Amino acid sequence: MTELVREVSENDQLRADIYQLLAALLRRQPSPELLAFLSGLEIDADDDSEMTKAWVSLKLAAQQFSEEQLEDEYFNVFLGVGSGEILPYGSWFMTGSLMDKPLALLRNDLMQLGFEREEEVKEPEDHVAALCEVMGILILEAPGYRQLAFYQRHIGSWIARFCDNLAKAPSAAFYATVAQLAKEFFVIEAKEFEQLSLDIPVNCPGSEAESVEKIEPSTNELAS
């Protein structure tokens, strides 16, 4: 990122932290340290919101599964022999194809935002974990209109379907709770960005989602 560091509110810091947590959980099976962190979460017992219920489910799941079990589960859900039970790529959910037009647009946007691909990373940039990681950084470092543009262009149109598919994956047990948390979080995020779109002046550079080009789904789209 090339933007100047800005003052970050407590709410934005929490949002960025959740994006980074989701990125860590979706990039690979959780480490023992991450499982220990999730197992020890302090959750407000008086809060009966859907988001809190999702946190409770994830905490309980983290206490029940071993690292070995989660390694097998992650492999079956996301990798598999040939392919996993779910394809965690934005291009797939937007067009029904991998390495399609959305990936090219994403790579162009990432370049303009100052992100560079690390040589050791083999996954395409539209992997859901990578997108969550970028959003976490944008919330902390980029102005609102850039956050909005990136979310609208590369995440907002398909992330709910991804969460639904992950929750229904045959091997998903621990990852069904990750899907539950992600879905509730992105419901809140959609409202956050809806409000942000109302707050951004119409003459602000990039306020029209950086001239977002509509991506039409192909005939074999419905990945859900």
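This tour moves from the whole chain to a buried histidine and then to a patch on the surface.

Begin with the entire protein, bearing in mind that the model is predicted. Coloured by secondary structure, the protein shows 10 helices and 0 strands, so that a walk from the N terminus passes through α-α-α-α-α-α-α-α-α-α. Of its 224 residues, 43% count as buried, and the accessible surface of the protein comes to about 11,900 Å², with 52% of that area belonging to carbon and sulfur atoms. If you display contacts with a separation of 6 or more, 75% of them are accounted for by residues 24 or more positions apart.

Next, select residues 144–154, which form helix H8, and go to His 154 within that helix. Is His 154 buried or exposed? His 154 counts as buried because its relative accessible area is 3%, below the cut-off of 20%. Show the side chain of Asp 109 as well, and you will find a polar contact of 2.7 Å joining the side chains of His 154 and Asp 109. To see what else surrounds this histidine, leave aside its neighbours within four places in sequence and add Met 94, Pro 102, Leu 105, Leu 106 and Leu 131, which, together with Asp 109, are in contact with His 154.

Finally, turn to helix H4, residues 67–79, and select Leu 79 in that helix. With a relative accessible area of 39%, Leu 79 is partly exposed. Add Phe 75 and Val 81 to the selection and switch on the surface, where these two residues and Leu 79 make a nonpolar patch of about 300 Å².

Technical notes:
Residues are numbered from 1 along each chain as its sequence is written. This is a predicted model: local features need pLDDT of at least 70, side-chain atom pairs count only at pLDDT 80 or more; totals for chains, interfaces and linings use all residues. Side-chain values use heavy atoms; hydrogens and water are left out. Patches are made of residues with over 30% relative accessible area and no salt bridge: like charges are joined within 9 Å, nonpolar side chains (Val, Leu, Ile, Met, Phe, Trp, Tyr) within 5 Å. Accessible areas come from the Shrake-Rupley method with a 1.4 Å probe; for residues, only the protein chains shown count as cover. A salt bridge is a side-chain nitrogen of Lys or Arg within 4 Å of a carboxyl oxygen of Asp or Glu. Helices (H or I, at least four residues) and strands (E, at least two) are DSSP runs, numbered from the N terminus. Buried means under 20% relative accessible area, exposed over 50%, partly exposed in between (1.4 Å probe, protein chains only). Contact means heavy atoms within 4.5 Å. A polar contact is a pair of N or O atoms within 3.5 Å; within protein, one must be able to donate a hydrogen and the other to accept it, and residues adjacent in sequence count only if both atoms are side-chain atoms.
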